Structure formats: structure tokens, C-alpha cells
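Visitor: I'd like a quick tour of this one, question by question. Could you show it to me before we start?

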Amino acid sequence: MTIILTFLQQAVAQSISILFGATGEIITEKSGNLNLGIPGIMYMGGIAGLMGAFFYENGNEHPVAWIGVLISVICCILASALGGLIYSFLTVTLRANQNVVGLALTTFGTGFGNFFGGSISKIAGGVGQISVKTTSSAFRTTIPALSGLPVVGPLLFSYGFLTYTAIAVALISTYVLKKRRTGLHLIAVGESPATADAAGINVNRYKYTATVLGAVIAGFGGLYFVMDYLNGTWGNNGFGDRGWLAVALVILALWNPANAIWGSILFGALYILYIYIPGLGRASQELIKVMPYVVTIIVLIISSKRNKPEDQPPASLGLAYFREER
Amino acid sequence: MNQNVQTKRVIHLVKRGSISRGKAWCIRLIAILLSLVVCGIVINRITGENPVGVYGGILSGAVGTKRRIWVTVRETMTLLIIAVGLTPAFKMRFWNLGAEGQILIGGAATAAVMIYLGPLLMDWLLIPIIIVASLIAGMLWGLLPAIFKARLNTNESLFTLMMNYVAMQIVTFCVVLWESPKGSNSVGIINQTDRAGWFPNLLGSDYTLNVVLTVIVTILIFVYMRQSKQGYELSVVGASQDTARYAGINVRRVIVRTMMISSAICGLAGAIIVAGSSHTISTTTAGGRGFTAIIVAWLSQFNPIAMVMAAAFLVFMQQGSIQIASQYGLNNNASDIITGILLFFLIGCEFFVRYKLEVSTVQIGDSVGKSVEGSGKEAQA
């Protein structure tokens, strides 16, 4: 029982960055932009949040937790929005190929994260170990009374506020995409920009907004990982391939953020499954870690085989739209 | 000018009908210079080094000593062969984002041959086996997404992307299997004492064979693409699958065949990295080169000369920035930031090669002017 509980708790802890990333990517893709820069943007958001908190705590004798959280969230938003803007400017305004820009952005963002993560203490004048205790413990504060409950407490109420934010953002995104005019317009832009344009929707504005918003949401995934999951530390490449898992989860979730919630927990569970399977050697553990990707490939194949229209990516995904070139 | 007629400046985007080669290169050169300035500023902000020191450092890091020149050449060749490998697939509009995985699998096959056959066979036999094994391994890795693309039209960019991480886990598995010493979680230098399976030192350099293989493959691929029937077929499939079908081309076969060639070459790149330079295998063997090469291949638009230049320029800057970073005790990831900035400029400038901005003055106030202004706004939007 305890093992199952710990397993589920760990799976949820793993899932949150992936969920943020996938929600951000879904919103972006709904506008017809396949942003392969999301893994890089998540690195940027994470390291920016950490650096903000670090410089605040480093410069203050008695750092206040909520100010630290605020600074770190703002830095994260700014950095990931910058990533989204670079992508939108190059693909929408300068009409460059989306895959190419996305991959360049991931190279840049990953380098950005690892470089500043590895050099932050050096840049600050060799202060040694990075410590943002006050801020990161604020990120990890659980709901006071409820988390003490048996079973339900650890299972549902033992997480920091970003966990609940992630789920709320995913649910709100699905609601907006399905029920609100803005969401429907966004879907129209992604399915057929020319039609949307003819209907009086400002295609470029939707593409920009969705991409930058998506980047910011994804950036929170990096922030969660650094400040909550890792207690405010940085390990180079520690974030690993979670960004690509987020891109993969978009397929599993069939472009619906609400589906991404259970999908991310499934990915999280698959990610840590190897710890809980008894009798595995170190080598075979590595083979178990391949599961999330294999599952994604299978989903990809099945959805292309079934060919149901509602399970398909947005029709104009990956294509740039130029009004003059219809 | 009439008082109630106002004028306003608007910017139009106009697609260029054609552009002279000189002008296009001029635009690219400006972009490169701008990107160098930005990189210089970034390095200056981080390290506090003056501009002369920054560019001097890059120059010395890339070509400062004979050894560094060879490393730069070696890395350029590696990036080039991957980009060349990706070219046929891209020409067919097949987004092979799986080079990273194909390199890793090719590298793993190479390492396996070196480890298991190294003690048994002579070098002249071992190296051809390595080359063949890596080609086959890479080819098989690319075959799966190609078959599903051909049969079910499964999205190849996401499929190949996922295959990268499957490959990465397989390599991690192999690393544990082959680790030496036990428990180090690293393979170490393979066959360090007898150098079995290492590319031999030819004409005074350890990397001559890397260069030779890359040049041969590059020439073969461009001859294949430009002169052969198969090369023509794949470009027709890339232009329009319907046209290809109408012309009696077996589209499925072309997709699978082209992707096999593409991924086999990426596998060979894995052999060049493992047997020709690092002599070890790890999950960072590909090191993002599979992704950078995609951008190199796309930027150079299937022009081999442009491809060599783009690869050389990126590697030059990477090696240079690694040198500066290590001078200041900063980490090597500085080179990824620099690469990213350069790529943004190189990608962005293609827009100005294809389009020109025209500033014109329109009148507001009379009916004609209004309609002109309307169209001006559209062009801006």
C-alpha cells in the first residue's frame, strides 16, 4: 500500500513538468505552429526562475519567500516568452521553416540553461553552492491541513502550488479551446488559416499570442522542475529529455490538454517504473525507461491507421501562412 | 500638397522575382557579420573580455594550433556528413529528425565491432566491417519510420524524433553492458592499448580517413541526387506525390529507399565519430549534431558548397567559443548559445533573400488614398 502510494506520488511529481510542456505545446500547435523549441524553452524558463531567486536571495540578508517566488516566476515568464517571441518572429514574420527554427531554439535554450546553470556561481563571483532555500521551500509548501489526511493527503494534497496550477491550466485550456470564441478562432487558424483570415480573424496575432502563451506555460514546466522537484538546484542536463516527452505527450493526448493530465501521469509512472520493478539489473532498467517513447510511437501509428479526423493534428500544422501566396 | 490630404509611410513585403547570386550572398554576409557582432557582445557581457580579445580568442580556439585546426576540420567533416546524409530525405520532403538516433545506433554498432571483433581481426579487415555495420545499423533505424510513412502516412518528424530517445536508451543499456572499469558507467577509451578498429594515422593525421570518407560520401550523394534516375524520382516525390504517382513512380518504394540511404549515412557518421575521433560511446556521442545538421542541410538548400561553408562556419565558432569558455572556467555549453544565435541570424536572413521591403508613401484623405492605405495595412499585417 505504502509502495503504491509512493509510486503514485512520484509519478505525479514527475508528470508536472511534462504536463506544463504539453499544454503549452498543444496551445502552440493549435495555431498551426509546431514548436520544436519547447524543450529549449523549458530549460530557459527553469534557469531564469532559478537565477532570479538566486540573485534575490544572494543579495538579501533575510529573503522573503513570497518575493522570491514572485521574482522567480516573473523571470521564468520573461525568459520563456522571449523564446516564444524568437520563434514567432522567425516563423510568422520572417516565414522561416518551423522545424528548423524550433530545433535551433532548442539548441539555444538547452545551451542557455546548461551554461548559466553551470556558471551561475562563477558569474556571481564564486559563491560556491547555489542555494535558494527560502524560495524553493515556498514552491514546495503543501496545503497545510489537508496534506495530513491519511492516504488522500499524500495522494492529492502533498504537492506544491505549481502542481495544482498545471492541472488548472490544462483544464482551463481545454475549456477555452472547446467552448470559448477565442479558442474556436484559434482552432480555425490552425486548421485553415486562409479561411480564418477570410472570416476576419487576425491570423498572425493569433499565431503570435498562442505561441508566446504556449511558451510561457511550457516555461513553467522548467520552473517546476528546478524549484520544486529539484529543491532549487541545477544539474547539467538534469532536466533531460522531458521536453521531448512533452512534445510526445501532445500526440498521446490527441491535442486535448485535459487528456494530457492523465497522459502525463502515465508518462511519469513509466518514467520511474524501473525503480519499482524488482530484480532489474542496471542495464535492464535502462531498457524499461524506453517505455514512454515506445508508447508514443504506438499511439502515433494507431492514430494514423485509424485516421479519425478529430484525432489528427491541426491541418496546417508546420505550414507557414502567407496571405499573398494563396 | 492639399491640406486635408495627409501622407503616411507604409512598408510592403514584396516577393523577389529573382535575386542575383551576388546580392543573395551579400545579404547572408551581412547576417553573418551581424551575428558575429551579437555573439561578441554576448561573450563580452558574460566574460568582460574586450572585443579584440573575444574574436582573438575565437580565432585561436578554432585554428590557433595545428591540433586545433585538425579538431575543427574533424568536427566540420562530421557535421558535413550528417547534413549530406539528411539531404536526400529533405529533398523528398521527409523530415528526418532522427539523425541523432541513427548516429547513436551507428556508433553503438561500431563500438560493438571494436569490442567484440577487435581482439580477433586485423585492422584492414576490421575497419571495413565497422563501416558496413554502422551503415546497416543506421539504415535499419531509419527503416521503421519510413515504412510507416509509406504505408500509413504516419507523421515522420515525430516518429523519427521519438526513435532518437529509444536509441539513447539502447546506448545507455550498452554503456552499462560494456562499461570499463565496472561501475564507472562509462565505456572508457575502447582498445586503448592496441588501437584495434581505430581509424589509422594516414599522411600524418589521425583524421585523414574521416575527411576521405566524408568527401567520398558527399560526392556520391550529390552525383546520385543530380545525375541518377532515383535522385530525380525522389525530387519529384518531394515536389508533389500526386505528380509522382501520375508519372508512374512507386512513391512508397521511393520513400523507403531514400530514407534507407539517408539514415545509413547518418549511421556511418556514428562510425566516424566512434572509430575516427572519440573512440568511446556514450549518450552524448551525437551531441546534438543530428539537429544542427538538419539546419545546415536546410540552410544550404542542397548546395554542396554552401553546406561545407555553413558546417565550417558553425564548427569554427563552436570551437572558438569552447576555447573562450574554458579560458574563463565557464562550461562548454557556451558553444550551444553561440550556435543558437548564429542559426537565428542565418535562418532569419533567408527571408530577406526571398522578400524585399518596400517603403512607399500613401495618401490618406481622398477615396483613392484610403483604399491604398487599406492594402498597405494588409501587407504589414
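Guide: Sure, and one term up front: a residue is buried if 20 or more other C-beta atoms lie within 10 Å of its own, exposed if 12 or fewer, and partly exposed in between. Keep in mind that this is a predicted model.

Visitor: What percentage of the residues of chain B count as buried?
Guide: Chain B has 14 helices and two strands, and its C-alpha trace spans about 95 × 60 × 40 Å along the principal axes. Chain B has 381 residues, and the share of them that counts as buried is 49%.

Visitor: Of the contacts in chain B with a separation of 6 or more, what share comes from residues 24 or more positions apart?
Guide: A contact here needs C-beta atoms within 7 Å. Among contacts in chain B with a separation of 6 or more, the share from residues 24 or more positions apart is 77%.

Visitor: Let's go to where the chains meet. Which class, nonpolar, polar or charged, has 26 residues on the side of chain B that touches chain A?
Guide: The contact takes 42 residues from chain A and 43 residues from chain B. On the chain B side, helix 5 (123–152), helix 6 (156–178), helix 11 (289–299) and helix 13 (334–354) each supply at least two residues. That side has three charged and 14 polar residues, and the class with 26 is nonpolar.

Visitor: And the largest nonpolar core: which helix gives it the largest share?
Guide: The largest nonpolar core has 209 residues, and those with the most contacts inside it are A:Leu249, B:Ala83, B:Ile294 and B:Val296. The largest share of this core is 16 residues, and they come from helix 10 (residues 203–229) of chain A.

Visitor: Which residues does A:Leu249 touch, not counting those up to four places away in sequence?
Guide: A:Leu249 is among the residues with the most contacts inside the largest nonpolar core. Leaving out residues up to four places away in sequence, A:Leu249 touches A:Ile18, A:Ala22, A:Ala260, A:Gly263, A:Ser264 and A:Phe267.

Visitor: On to helix packing. Are helix 3 and helix 7 of chain B roughly parallel or roughly antiparallel?
Guide: Helix 3 (residues 66–91) and helix 7 (residues 208–227) of chain B pack with their axes 9 Å apart, at an angle of about 20 degrees. Angles under 35 degrees count as roughly parallel. So helix 3 of chain B, relative to helix 7 of chain B, is roughly parallel.

Visitor: How many nonpolar residues does the contact of helix 3 with helix 7 of chain B have?
Guide: Helix 3 of chain B crosses helix 7 of chain B in a left-handed way. Residues that meet include B:Val73, B:Met77 and B:Leu80 from helix 3 of chain B, and B:Val211, B:Val217 and B:Ile221 from helix 7 of chain B. By class, this contact of helix 3 with helix 7 of chain B has two charged and four polar residues, and the nonpolar ones number 10.

Visitor: Is the crossing of helix 4 and helix 6 of chain B left-handed or right-handed?
Guide: Helix 4 (residues 99–116) and helix 6 of chain B pack at about 20 degrees, with their axes 8 Å apart. Helix 4 and helix 6 of chain B are therefore roughly parallel to each other. Their crossing is left-handed.

Visitor: How many nonpolar residues are in the contact of helix 4 with helix 6 of chain B?
Guide: Helix 4 of chain B brings residues including B:Leu104, B:Ile105 and B:Ala108, while helix 6 of chain B brings residues including B:Val166, B:Ile170 and B:Trp178. The contact of helix 4 with helix 6 of chain B has one charged and two polar residues, and its nonpolar count is 13.

Visitor: Does A:Trp255 count as buried or exposed?
Guide: A:Trp255 sits in the loop between helix 11 (242–252) and helix 12 (257–276) of chain A. A:Trp255 isn't a glycine, yet its phi is positive, about 60 degrees. A:Trp255 has 23 C-beta neighbours inside 10 Å, so A:Trp255 counts as buried.

Visitor: Where does A:Arg95 lie?
Guide: A:Arg95 also has a positive phi, near 60 degrees, in a residue other than glycine. With 18 other C-beta atoms within 10 Å, A:Arg95 is partly exposed. Its place is the loop between helix 3 (65–93) and helix 4 (98–123) of chain A.

Visitor: Last stop: does A:Asn307 count as buried or exposed?
Guide: A:Asn307 is in the segment after helix 14 (291–306) of chain A. A:Asn307 has 10 C-beta neighbours inside 10 Å, so A:Asn307 counts as exposed.

Technical notes: Residues are numbered from 1 along each chain as its sequence is written. Chains are lettered from A and ligands numbered from 1 in the order in which they are written. This is a predicted model: local features need pLDDT of at least 70, side-chain atom pairs count only at pLDDT 80 or more; totals for chains, interfaces and linings use all residues. Two residues are in contact if their C-beta atoms, placed from the backbone, lie within 7 Å. Helices (H or I, at least four residues) and strands (E, at least two) are DSSP runs, numbered from the N terminus. Ala, Val, Leu, Ile, Met, Phe, Trp, Tyr, Cys and Pro count as nonpolar, Asp, Glu, Lys and Arg as charged, and the others, Gly among them, as polar. A nonpolar core is a set of buried Ala, Val, Leu, Ile, Met, Phe, Trp, Tyr and Cys residues joined through C-beta atoms within 7 Å. Axes are lines fitted to C-alpha atoms, for helices over the stretch in contact, and angles run from 0 to 180 degrees between N-to-C directions. Angles under 35 degrees count as roughly parallel, over 145 as roughly antiparallel, 65 to 115 as roughly perpendicular and the rest as oblique. A crossing is left-handed if the near helix is turned anticlockwise from the far one by less than a right angle, and right-handed if clockwise.
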